[in-house]
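Here is a friendly walk through a structure you may be meeting for the first time. Have the sequence and the 3D view open, and follow along at your own pace.

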Amino acid sequence: MNTTPLPPPPAVAVRLAYAGLLPFVLGAALAWLLPPPDGASPGLDEHTYALLGLSAYAAVVLAFLGAVHWGRALQAGERATFPYVWAVAPALLGTMGALMPAYAGLVLQGVALIACYAVDRQQYAHWGAQSWLTLRFRCTVLASLCCFLAAAAT
């Protein structure tokens, strides 16, 4: 357990985190703005591409959120099983969501983003990284909301 608190996120991390929300917002907006497929045209349409893009991006973000735990465990020389198991769980959930129909997969990914925050809230306290939780909370709320809104547009 780290007893020395980490400093708040540097400005560049805050800007990058908020910039990383743009694909979520764009994907959700396109899911509502682009017409859904009519079934008459073969192949994929713009609406479907927007949903696939959002789902793929959510899967990448989930993998990133899990990888933070792997890196932290590696750095700390952690021997417990949980950090390593949790580190791969978000990537697996994100991939499953990307392979599912958008109406279900994006919901799974939105819930997985919330689960990642819940685990981070507990783990960051052990790492002395509580000052990062406000940023994590804001990003989680918007990213998961975008996943849910896009799923509702299918």
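Let's start inside: Asp120 is buried, and Arg136 is buried as well. These two side chains form a salt bridge with each other, and their closest N and O atoms sit 2.7 Å apart. Asp120 belongs to helix α5 and Arg136 to helix α6, so the pair ties together distant parts of the chain, 16 residues apart. As a bit of background, side chains of opposite charge can pair when their charged atoms come close. How many salt bridges does the structure hold? The count is 1.

Before going further, keep in mind that you are looking at a predicted model.

**The overall layout**

Step back and take in the whole chain. The protein chain has 6 helices and 0 strands. Reading from the N terminus, its elements go α-α-α-α-α-α. Measured out along the principal axes, the C-alpha atoms fill a box of roughly 60 × 30 × 20 Å. Of the 154 residues in the protein chain, 36% are buried.**The core**

Now look for the largest nonpolar core, which has 24 residues. Which of them touch the most other members? They are Phe24, Leu106, Leu113, Cys147 and Ala150. The elements giving two or more residues to this core are α2, α3 (residues 46-76), α5 (residues 102-127) and α6. Helix α6 gives the most, with 7 residues.

**Two cysteines**

Cys147 has already come up as a member of that core, which makes this a good place to look at the cysteines. In general, a disulfide is a covalent bond between the sulfur atoms of two cysteines. How many disulfides does the structure hold? The number is 0. Cys146 is in no disulfide, and its nearest cysteine sulfur, belonging to Cys147, is 7.2 Å away. Cys147 is in no disulfide either, with the sulfur of Cys146 as its nearest, at 7.2 Å. A disulfide needs the two sulfur atoms within 2.5 Å. As for cover, Cys146 counts as buried because its relative accessibility is 6%, and Cys147 counts as buried because its value is 0%.

**A patch on the surface**

From the inside, turn to the outside. Val25, Trp32, Leu142, Leu145 and Leu149 make a nonpolar surface patch of about 440 Å². Helices α2 (residues 22-33) and α6 (residues 133-152) each supply at least two residues of the patch. Which helix gives the largest share? That is α6, with 3 residues. One of the patch residues, Leu145, is placed in helix α6. Buried or exposed, or something in between? Leu145 is partly exposed, since its relative accessible area is 41%.

**Rings in helix α4**

There are 5 aromatic pairs in the count. One to look up is Phe82 with Trp86: the ring centres lie 6.5 Å apart and the planes meet at 10°, so this pair is stacked. Both residues lie in helix α4 (residues 82-99), 4 residues apart, which is about one turn of the helix. Their cover can be told apart by the values: Phe82 is partly exposed, at 43% relative accessible area, whereas Trp86 counts as buried, at 12% relative accessibility. Pro83 is in helix α4 too, and it counts as buried because its relative accessibility is 14%.

**Distances along and across**

Two pairs of residues are worth finding in the 3D view, and each is listed here with its C-alpha to C-alpha distance.

| Pair | Apart in sequence | Apart in space |
|---|---|---|
| Pro83 and Leu22 | 61 residues | 29 Å |
| Ala59 and Thr95 | 36 residues | 5.7 Å |

Ala59 is found in helix α3. With a relative accessibility of 13%, Ala59 counts as buried.

**Putting it together**

If you want one element to follow on a second look, try α6. It holds Arg136, which is in the salt bridge pair with Asp120 of helix α5. It also gives the most residues to the largest nonpolar core, and the largest share of the nonpolar surface patch comes from it as well.

Technical notes
Residues are numbered from 1 along each chain as its sequence is written. This is a predicted model: local features need pLDDT of at least 70, side-chain atom pairs count only at pLDDT 80 or more; totals for chains, interfaces and linings use all residues. Side-chain values use heavy atoms; hydrogens and water are left out. Buried means under 20% relative accessible area, exposed over 50%, partly exposed in between (1.4 Å probe, protein chains only). Rings of Phe, Tyr and Trp (its six-membered ring) pair if their centres lie within 6.5 Å; planes under 30 degrees apart count as stacked, over 60 as edge-to-face and the rest as tilted. Patches are made of residues with over 30% relative accessible area and no salt bridge: like charges are joined within 9 Å, nonpolar side chains (Val, Leu, Ile, Met, Phe, Trp, Tyr) within 5 Å. Accessible areas come from the Shrake-Rupley method with a 1.4 Å probe; for residues, only the protein chains shown count as cover. A salt bridge is a side-chain nitrogen of Lys or Arg within 4 Å of a carboxyl oxygen of Asp or Glu. A nonpolar core is a set of buried Ala, Val, Leu, Ile, Met, Phe, Trp, Tyr and Cys residues joined through side-chain atoms within 4.5 Å.
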